[in-house]
Amino acid sequence: MKEIKHFINGQYVGSASGRLFDNVNPANGQVIARIHEAGEAEVDAAVKAARAALKGPWGRMSVAERTEILHRVAAGITARFDEFLEAECQDTGKPKSLASHIDIPRGAANFSVFADQVKNVPTEAFEMATPDGSGALNYGVRRPKGVIGVISPWNLPLLLMTWKVGPALACGNTVVVKPSEETPTTTALLGEVMNAAGVPAGVYNVVHGFGGDSAGAFLTAHPDVDGITFTGETGTGETIMRAAAKGVRQVSLELGGKNAGIVFADADLDKAIEGTLRSAFANCGQVCLGTERVYVQRPIFDEFVARLKAGAEALVIGEPNDPKANFGPLVSHKHREKVLSYYQKAQDEGATIVTGGGVPDMPQHLAGGAWVQPTIWTGLSDDSPVVTEEIFGPCCHIRPFDTEEEAVELANSLPYGLASAIWTENASRAHRVAGQIEAGIVWVNSWFLRDLRTAFGGAKQSGIGREGGVHSLEFYTELKNVCVKL
Ligand SMILES: NC(=O)c1ccc[n+]([C@@H]2O[C@H](COP(=O)([O-])OP(=O)(O)OC[C@H]3O[C@@H](n4cnc5c(N)ncnc54)[C@H](O)[C@@H]3O)[C@@H](O)[C@H]2O)c1
Ligand SMILES: O=C/C=C/C=C(\O)C(=O)O
């Protein structure tokens with residue numbers, strides 16, 4: 001059986017302990033590979049390699065040379081597009097129709113966009129007066145932060161990992177990545193692309209394993225890691241923040257959400273239905289930016305619910321290779337247990353199950369997969385856990401509202417603040433409401449429309465810091481002021 005090894009100092013290496021665990025395809029439950037689990041020794045070797053690489057050719061390279069290499073990494077992903085696609089879809093079960101236009105192209109873009117960005121970063125300068133009249137000149141210079149620990153989740157594995165590795169390397173850092181234990185393959189494969197592109201050994205390192213008491217915790221606790229960037233659950237973010245406190249390391253945290261969609265009666269309903277369908281059900285609902293709470297103005301409530309139901313029921317459930325499929329399984333049986341527990345809770349609390357609510361009948365060869373039905377509820381109270389907690393599944397609860405003020409209050413009522421989508425044809429209302437939503441990202445008449453130059457991150461318990469464009473460069477560099485007395 002295929003084995004997935006760590007990538008340390010430019011080479012694939014197994015674990016000294018010999019500990020391996022299964023990599024499972026969630027579309028059919030089959031074991032597709034065995035993954036080496038890193039212990040403290042492998043994590044330490046990866047961090048040492050990353051530290052040494054900072055002092056090697058990578059640290060001395062001009063921006064032009066470094067960014068040319070990163071463009072070659074982007075081209076290398078594109079050249080091996082089909083391999084990345086196959087690996088991502090086997091690990092996650094997601095439809096190739098989705099991953100081929102989101103996950104893999106973004107994996108390449110995350111290198112090329114930040115390679116271009118870093119060439120155009122101005123720094124500040126201030127002339128100042130001094131008592132003796134000679135004056136002084138202050139100017140800023142940016143330096144790499146050092147060794148960056150990258151901890152990434154399973155929902156968009158290549159996209160979310162490279163979203164951090166791209167800018168980190170563009171800024172001249174070195175990285176140690178710990179991908180999700182559920183989805184290690186594309187992160188591992190990227191090592192081959194790095195070598196072929198001429199990225200020096202030790203610049204990109206990968207260790208595999210779990211979170212607590214495994215590779216994730218060993219990496220975040222390692223004293224020679226200078227900064228940690230993490231995407232995942234809010235609870236894990238808290239644990240990582242505690243680990244980073246020792247040694248006063250900086251963190252960038254992109255965490256969970258329970259995002260609201262607000263549909264006003266003056267919305268273009270075709271657009272609102274299409275966008276809400278994607279935001280609730282794309283990637284089987286496993287998108288941090290997804291909409292699990294939909295608030296719809298009363299005059300169009302019944303029509304909206306009926307049309308969203310029709311849209312959900314028209315989704316084509318199927319395996320990655322099925323060209324007609326646009327709805328795959330959840331990432332694992334463990335995650336399915338969590339999602340189904342909320343399906344049960346909604347039923348127990350007397351929700352109206354508009355559609356779904358269970359497990360679909362699948363053909364024999366897919367019966368071992370982690371399938372669930374796309375699900376819509378109405379009728380739950382605002383304090384139901386189904387409405388207040390992140391489920392991270394293909395489901396949403398729809399509730400009517402009457403006034404704009406009420407919609408804003410409902411949207412802002414939870415401790416999360418990642419994203420929101422507003423649907424209205426009234427431009428004044430769109431800007432007014434967008435300004436009042438407590439979230440890091442607000443879409444108007446769209447969803448998951450991404451310009452990588454923009455700030456990306458969460459308010460409240462959905463994160464700390466912003467990445468994207470210059471904001472990534474803020475995190476991945478140390479800004480130093482040089483003051484020269486003239
Ligand atoms: N805000 C965003 O941009 C964003 C994007 C994608 C996903 N998410 C969130 O991610 C979650 C789903 O992903 P997940 O289930 O993989 O998240 P998770 O927090 O369970 O795991 C994420 C990563 O952290 C590691 N990890 C877990 N415990 C750790 C520990 N104690 N120390 C170090 N590392 C540890 C895991 O092994 C994995 O690699 C959802 O909550 C979702 O909203 C947020
Ligand atoms: O599941 C969360 C999706 C996050 C998306 C990004 O981080 C991005 O588009 O850069």
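K460 counts as partly exposed, because its relative accessibility is 37% and the partly exposed class runs between the 20% and 50% cut-offs. This is a predicted model, so please hear every value today as computed. K460 lies in strand β21. Its phi is near 50°, a positive value in a residue other than glycine. Why flag that? Most residues other than glycine have a negative phi.

There is a second case. F448 also has a positive phi, about 55°, and F448 is not a glycine. Where is F448? In the loop between β20 (441-444) and β21 (459-460). Buried or exposed? F448 counts as buried, because its relative accessibility is 19% and the limit for buried is under 20%. Keep F448 in mind. F448 is also one of the residues around ligand 2.

Now the overall layout. The domain assignment gives two domains for the protein chain. Domain 1 is in two pieces, 3-256 and 462-485. Domain 2 covers 260-444. The C-alpha centres of domain 1 and domain 2 lie 31 Å apart. How many residues does each domain bring to the contact? Domain 1 gives 25 residues, and domain 2 gives 28.

On to ligand 2. Which residues are around it? From the earlier part of the chain come R106, N155, L156, L159, L160 and W163. Then come V287, C288 and L289. F448, R450 and F456 complete the list. By class, the shell has nine nonpolar residues, one polar and two charged. Helix α7, residues 157-170, supplies the largest share of the shell, with three residues. Both domains take part: domain 1 and domain 2 each give at least three residues to the shell.

Let me go through some polar contacts of ligand 2. R106 puts a polar side-chain atom 2.7 Å from an oxygen atom of the ligand. R450 has a side-chain N or O atom 2.7 Å from an oxygen atom of ligand 2. C288 uses its backbone instead: a polar backbone atom of C288 is 2.8 Å from a ligand 2 oxygen. How much of ligand 2 does the protein cover? On its own, ligand 2 has 300 Å² of accessible area, and the protein covers 99% of that.

Next, ligand 1. Here 30 residues surround the ligand. The closest are K178, E181, T236, L255 and E390. Two of these residues give us distances to quote. A polar side-chain atom of E390 is 2.5 Å from an oxygen atom of ligand 1. For E181, a polar side-chain atom lies 2.7 Å from a ligand 1 oxygen. W154 comes in as well, with a side-chain N or O atom 2.8 Å from an oxygen atom of ligand 1. The protein covers 91% of the 840 Å² that ligand 1 exposes on its own.

Three buried positions to finish.

Start with S252. S252 sits in strand β12, residues 250-254. S252 counts as buried because its relative accessibility is 3%. What does its side chain do there? It makes a polar contact with the side chain of E467, at 2.6 Å. Beyond its sequence neighbours up to four places away, S252 touches K164, I228, T229, F230, I464, E467 and F475.

Second, A215. A215 is in helix α9, residues 215-221. Its relative accessibility is 0%, so A215 counts as buried. A215 and G39 are 176 residues apart along the chain, yet their C-alpha atoms are separated by 6.2 Å. Leaving aside neighbours within four places in sequence, A215 contacts A38, V43, K178, V207, H208, G209 and F210. K178 ties back to ligand 1, being among the closest residues there.

Third, V296. V296 belongs to strand β14, residues 291-297. With a relative accessible area of 0%, V296 is buried. How far apart are the C-alpha atoms of V296 and F401? They are separated by 6.0 Å, with the two positions 105 residues apart along the chain. Again leaving aside neighbours within four places, V296 is in contact with V263, F301, F304, I398, R399, P400 and F401.

Key
Residues are numbered from 1 along each chain as its sequence is written. Chains are lettered from A and ligands numbered from 1 in the order in which they are written. This is a predicted model: local features need pLDDT of at least 70, side-chain atom pairs count only at pLDDT 80 or more; totals for chains, interfaces and linings use all residues. Side-chain values use heavy atoms; hydrogens and water are left out. A residue is near a molecule or strand if one of its heavy atoms lies within 4 Å of it. A polar contact is a pair of N or O atoms within 3.5 Å; within protein, one must be able to donate a hydrogen and the other to accept it, and residues adjacent in sequence count only if both atoms are side-chain atoms. Accessible areas come from the Shrake-Rupley method with a 1.4 Å probe; for residues, only the protein chains shown count as cover. Helices (H or I, at least four residues) and strands (E, at least two) are DSSP runs, numbered from the N terminus. Ala, Val, Leu, Ile, Met, Phe, Trp, Tyr, Cys and Pro count as nonpolar, Asp, Glu, Lys and Arg as charged, and the others, Gly among them, as polar. Domain bounds come from an automatic or database domain assignment. Buried means under 20% relative accessible area, exposed over 50%, partly exposed in between (1.4 Å probe, protein chains only). Contact means heavy atoms within 4.5 Å.
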